[in-house]
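Subject: The structure you asked about

Hi,

Here is the structure for you to open up and turn around on your screen. Have a look first, then read on for what turned up in it.

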Amino acid sequence: MKKLSPRARAVTGGVVVAALGAGAFGAMSANASAPAAGPAVVPAAAKADANNRDLQQTTHLTAAAATKAAQAALDAARKENQRVSVAVVDRSGNTLVTLRGDGAGPQSPESAVEKAYTAVSWNAPTSELVKRLEQAPNLKDIPGTLFLAGGAPVQVKGAPVAGIGVAGAPGGDLDEKFARAGVAALAR
């Protein structure tokens, strides 16, 4: 029996898993005593390389970096005796971290997530986006967004990679100040 390389085993295993997942496990059979004839079929995904024009690399925050930013924002709020919640979302708007500070209001975690999502979606602080509502008031109707000050984008080379939202302080300007403290913590 011919030994398969680790790559051939991985590809073969992937093909078997795909076949089982497609419900075709009854249609395939294998003979362990005889090697397959010809070269193994390699799925398109296994052939992809870094020079492929169909692939794109993106930058993402690690969970540790998102937690560091959220904690820095929460610490900035605590220093000013503010009870807030902080959320960090990734470029796609998925929540990475949510911290609810002691005594923060029940609405604040959800509002923080929505502010972070809004900031990353438009790659702008939410205080600036509030001004855009005058020209396009229906922006506020987009699900998951909140056009109140308190959200700040995290950028790499001008492109958004995450958003930080803070909610619960008595004014959006304070919320946004704390969100910017979270962004600044990532630069250290």
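Let's begin with helix α4, where S108, S111, A112, E114, K115, A116, T118, A119 and V120 are buried. Keep in mind as you read that this is a predicted model. What covers those buried residues of α4? The cover includes β1, α5, β3, β4 and α6. The helix itself has 15 residues, and from its first C-alpha to its last it reaches 21 Å, close to the 21 Å expected at 1.5 Å a residue. Just after α4 comes N123, which takes a positive phi of about 50°.

Now on to α6, which runs over residues 172-186. This helix has 15 residues and spans 22 Å between its first and last C-alpha, close to the 21 Å you would expect at 1.5 Å a residue. Its buried residues are L174, D175, E176, F178, A179, G182 and A185. Among the elements covering them are α3 (63-79), α4 (108-122) and α5 (126-132), along with the strands β3 (151-156) and β4 (159-167).

The strands are worth a look too. β1 (residues 85-90) and β2 (residues 95-100) pair in the antiparallel sense, over 5 bridges. If you want one pair to find on screen, take V88, whose bridge partner in β2 is V97. Together β1 and β2 form a hairpin with 4 residues between them, and G93 in the turn has a positive phi of about 90°.

Next, the inside. In soluble globular proteins, nonpolar side chains tend to be buried together. Here the largest nonpolar core has 23 residues, and those with the most contacts inside it are L61, V84, V86, V88, I164, V166 and F178. Which elements give two or more residues to this core? They are α3, β1, β3, β4 and α6. The largest share, 8 residues, comes from α3. To see how one core residue reaches across the chain, try L61: leaving aside its neighbours within four places in sequence, L61 is in contact with A66, V88, L96, A162 and L186. There is also a second, separate core of 5 residues, which includes A124, L129, L139 and F147.

Last, the charged side chains. How many salt bridges does a search of the whole structure find? It finds 5. Here are three of them to look up:

- R78 forms a salt bridge with D75, with the closest N and O atoms 3.4 Å apart. The two sit 3 residues apart in helix α3, so about one helical turn separates them. R78 is partly exposed, at a relative accessible area of 43%, and D75 also counts as partly exposed, at 31%.
- R180 forms a salt bridge with E176, and here the closest N and O atoms are 3.8 Å apart. Because they are 4 residues apart in helix α6, R180 and E176 are separated by about one helical turn. Is each partner buried or partly exposed? R180 counts as partly exposed, at 46% relative accessibility, whereas E176 counts as buried, at 5%.
- D141 and K140 meet through their side chains in a salt bridge of 3.9 Å, N to O. D141 is exposed, with a relative accessible area of 55%.

If you get lost, go back to F178: this residue is among the buried ones of α6, and it is also one of those with the most contacts inside the largest nonpolar core.

Cheers

Note on methods
Residues numbered from 1 in each chain as written. Predicted model: local features only at pLDDT ≥ 70, side-chain atom pairs only at ≥ 80, totals over all residues. Heavy atoms only, no water. Expected span 1.5 Å × (residues − 1). Buried < 20%, exposed > 50% of the residue type's maximum accessible area, 1.4 Å probe, protein only. Contact = heavy atoms within 4.5 Å. Pairing = 2+ DSSP bridges. Core = buried A, V, L, I, M, F, W, Y, C linked by side-chain atoms within 4.5 Å. Salt bridge = Lys/Arg side-chain N within 4 Å of Asp/Glu carboxyl O.
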